[in-house]
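Work through the exercises below with the sequence and the structure open. Each task is followed by a solution in steps.

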Amino acid sequence: MAYQGGYPQQQYGGYGQNPAAAGGYGGGYGGYAPPPQQPPVNPEIQNIFRNIDKDNTGRINNRELQQALINGRGDHFSDTACNLMISMFDRNKTGTVDIYDFEKLYNYINQWLHVFKNFDRDASGHIEESELTQALTQMGFRFSPQFIQYLIAKNDPINRKEISVDQFIVTCIQIQRFTDAFRVRDTEQKGIITIGFEDFLGIALSMCS
């Protein structure tokens, strides 16, 4: 199923760019007609949606999405990844997506998978330190080796060697969200901000929702 990615790159900690941009259903799935001005959904995506929508409600929740997504290790995507992606495209805040939202989500995931495969050059299903460094650098982030090692250890606390595609997606989205919040406060574009405790907590808690 996607992803890609400034600040002057003289030092570590550069700003990155949002790597992936989100992207009908002509016959009316679940007995409803498509809203006005909604373009028809690709028939292939309609079929995928039907297969994932096990309870035939016309909406997909995080559990149904999780059962449909397998990472390179042969495991289902994590709860964190599925919750995050559903929330990004859940216009009505119901914890589910309809077929129109799903089409955007499907295209978004495919963009990230494309980027991941570009850096998973040995097709192992995961990326290691050097590959993660290259991926984040191409996105516009210039992180120190120590921070890259931290990211890997956070996702792979036992072996501290690699991260899977769902972990990669979550990591990149979280980095971009914090970057956006940081950039708003970095009015002089110096890569340094002074932040109050409550403001910091507000940012951190918003990333968890």
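**Exercise 1: Two helices in contact**

Helix 4 and helix 7 are roughly perpendicular to each other. The model is a predicted one.

Task: Justify that description of helix 4 and helix 7 from their crossing angle, then list the residues that make the contact and classify them.

Solution.
1. Helix 4 spans residues 99-119 and helix 7 spans residues 165-185; their axes come within 10 Å and cross at roughly 105°.
2. Angles of 65 to 115 degrees count as roughly perpendicular, and therefore this pair of helices is described that way.
3. On the side of helix 4, the contact is made by Tyr 108, Trp 112, Leu 113 and Phe 116. Helix 7 contributes Val 165, Phe 168, Ile 169, Cys 172 and Ile 173.
4. By class, the contact residues comprise 9 nonpolar, no polar and no charged.

**Exercise 2: The surroundings of Val 165**

Task: Decide whether Val 165 is buried or exposed, and find which residues it touches.

Solution.
1. Val 165 is part of helix 7.
2. Its relative accessibility is 4%. The cut-off for buried is under 20%, so Val 165 counts as buried.
3. Leaving out residues up to four places away in sequence, Val 165 touches Asn 71, Gly 72, Phe 77, Leu 113, Phe 116 and Gly 125.
4. Take Phe 77 from that list. Phe 77 and Val 165 are 88 residues apart along the chain, and their C-alpha atoms are separated by 8.4 Å.

**Exercise 3: The cover of helix 3**

Task: Name the buried residues of helix 3 and some of the elements that cover them.

Solution.
1. Within helix 3 (residues 79-89), the buried residues are Ala 81, Cys 82, Leu 84, Met 85, Ile 86 and Phe 89.
2. Their cover includes strand 1 (60-61), helix 2 (62-68) and strand 2 (96-97). Helix 4 and helix 7, the pair from the opening exercise, are also among the covering elements.

**Exercise 4: The annotated spans and the whole chain**

Task: Locate the spans annotated as EF-hand, describe each one, and set them in the chain as a whole.

Solution.
1. An unreviewed UniProt entry places the annotation "domain: EF-hand" on residues 40-75 and 107-142.
2. Residues 40-75 are 47% helix and 6% strand, with end C-alpha atoms 32 Å apart.
3. Residues 107-142 are 64% helix and 8% strand, with end C-alpha atoms 27 Å apart.
4. The protein chain has 8 helices and 4 strands, in the order α-β-α-α-β-α-β-α-α-β-α-α from the N terminus.
5. Of the 209 residues in the chain, 43% are buried. The accessible surface is about 11500 Å², and carbon and sulfur atoms account for 51% of that surface.

Note on methods. Residues are numbered from 1 along each chain as its sequence is written. This is a predicted model: local features need pLDDT of at least 70, side-chain atom pairs count only at pLDDT 80 or more; totals for chains, interfaces and linings use all residues. Side-chain values use heavy atoms; hydrogens and water are left out. Axes are lines fitted to C-alpha atoms, for helices over the stretch in contact, and angles run from 0 to 180 degrees between N-to-C directions. Helices (H or I, at least four residues) and strands (E, at least two) are DSSP runs, numbered from the N terminus. Angles under 35 degrees count as roughly parallel, over 145 as roughly antiparallel, 65 to 115 as roughly perpendicular and the rest as oblique. Contact means heavy atoms within 4.5 Å. Ala, Val, Leu, Ile, Met, Phe, Trp, Tyr, Cys and Pro count as nonpolar, Asp, Glu, Lys and Arg as charged, and the others, Gly among them, as polar. UniProt positions are given in the numbering used here, feature names are shortened, and annotations may be inferred rather than shown by experiment. Buried means under 20% relative accessible area, exposed over 50%, partly exposed in between (1.4 Å probe, protein chains only). Accessible areas come from the Shrake-Rupley method with a 1.4 Å probe; for residues, only the protein chains shown count as cover.
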